[in-house]
Amino acid sequence: MIGLTSVTDPTAVHQGFASDNHAGVHPDVLAALTAAAPGRAAAYGADPWTERLGAVVRRHFGDTARAYPVFNGTGANVVGLQAMADPWSAAICTATSHVHVDECGAAERVAGLKLLPVAAPDGKLTPELVDPLVTGFGDPHHAQPRVITITQATELGTVYTPAEVAALAEYAHGRGLLLHMDGARLANAAASLGVPARAFTADAGVDVLSLGGTKNGAMLGEAVVVLDPGAVRGIEYVRKMDLQLASKMRFVSAQLVALFDGDLWLRNARHANAMARRLADAVRSVPGVRITRPVQANGVFAVLPPDAARRLRERYAFHPWDAATGEVRWMCAFDTTPDEVDAFAAAVRAAAAG
Ligand SMILES: Cc1ncc(COP(=O)(O)O)c(C=O)c1O
């Protein structure tokens, strides 16, 4: 009901900057769903849309890439990680990673992995940060490090360069570990870097990727993309066991094809990133407002003067990020308009003025 009222009632709290998941569905995705709707197609992925998605994914990520559509991003992470690991494995992640703090322990409970979180001030792991945890091999008292999982773009709105990903992959592979990437915002990272997605995934040594669609304009749907087939075992069974095998898979695949076959994914991400930069530029000079992180993707993080966040929340929904510092997070999406950004920036200015 909140969503319904916010689009029809001008006095309702605006949902536009709380999360890129508050966005709607891109019209081209909706058109693809409509086009896929009539008629019969084989279930569980044996349909022409899923076959087409396979070809699209191979075009983006190389001939060995395999796409396994799933319902959501948590599912993509859990299925990918579980297929990469043994029941006694550990995965190293950042302390701010979605898999660690925002997936209700699914990687631990469902995939059965122990997560080893590392504090990473800019949201990015490095070999130096990871190294102290890559230990205990052969010790039956110690969960065995198996996977390093990184998020691109990160939860802090920063972006790994291809060289940074390659350094992690080289480190991981040199110690018998695998590299997993949560690409819920992969499109935003590609738009930010101005390179093909392949440059910071397959070509950089990533083994398994969660490919995001939902935040990029899909209604729902992501895919596990296996870049190195040798990195996973039994992924078809794991996906079913983890409740992520869609019977009418054509409707997940059709959405991802609509985004990734042409350049819609990139146009949507470029727009979202541009809206975040516009917002950051508009509020940077507001007295008492401090932008706390580099704005490299579609998120803006800021600290506001005392009580300003409360005043702003009377009109706009957004998430606190760090309760200790009062830092907040504002997200832009493919459907954020320049007018919305300008109105929000004006509201930030007014809230900061008291
Ligand atoms: C970094 C990251 N990974 C994964 C997800 C996917 O989450 P969900 O399971 O809600 O689709 C999100 C969504 O907020 C995210 O921000």
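I take a polar contact to be a pair of N or O atoms within 3.5 Å, and I keep that cut-off beside me while going through the ligand site of this predicted model.

**Ligand site**

I looked up T74 and found that a polar atom of its side chain lies 2.6 Å from an oxygen atom of the ligand, which falls within the 3.5 Å limit for a polar contact. For K215 I noted a polar side-chain atom 2.5 Å from a ligand oxygen atom, whereas at G73 the polar atom belongs to the backbone, and it lies 2.9 Å from an oxygen atom of the ligand. I then looked up how much of the ligand is covered, and the protein takes up 81% of the 390 Å² of accessible area that the ligand has on its own. When I listed the residues around the ligand, I wrote down N21, N72, G73, T74, H98, E103, T151, E155, D182, A184, R185 and K215.

**Domains**

I next turned to the domain assignment, which divides the chain into domain 1, made of 10-24 + 265-353, and domain 2, made of 27-262. I find their C-alpha centres 27 Å apart, and at the interface I count 21 residues of domain 1 in contact with 24 residues of domain 2. The two domains bury about 1800 Å² between them, and 52% of that area is on carbon and sulfur atoms.

**Nonpolar cores**

I looked up the largest nonpolar core, which has 55 residues, and noted that F61, L125, I148, I150, V165, V225 and W265 touch the most other members. Because domain 1 and domain 2 both give residues to this core, I place it between them. I followed W265 further and, leaving aside residues up to four places away in sequence, I recorded that W265 touches H60, L186, A187, A190, A197, N216, L259 and F260. I also entered a second, separate core of 28 residues, with A276, I291, A302 and L304 among them.

Terms used. Residues are numbered from 1 along each chain as its sequence is written. This is a predicted model: local features need pLDDT of at least 70, side-chain atom pairs count only at pLDDT 80 or more; totals for chains, interfaces and linings use all residues. Side-chain values use heavy atoms; hydrogens and water are left out. A nonpolar core is a set of buried Ala, Val, Leu, Ile, Met, Phe, Trp, Tyr and Cys residues joined through side-chain atoms within 4.5 Å. Buried means under 20% relative accessible area, exposed over 50%, partly exposed in between (1.4 Å probe, protein chains only). Domain bounds come from an automatic or database domain assignment. Contact means heavy atoms within 4.5 Å. A residue is near a molecule or strand if one of its heavy atoms lies within 4 Å of it. A polar contact is a pair of N or O atoms within 3.5 Å; within protein, one must be able to donate a hydrogen and the other to accept it, and residues adjacent in sequence count only if both atoms are side-chain atoms. Accessible areas come from the Shrake-Rupley method with a 1.4 Å probe; for residues, only the protein chains shown count as cover. Buried area is the accessible area (1.4 Å probe) that two parts lose on being put together, summed over both.
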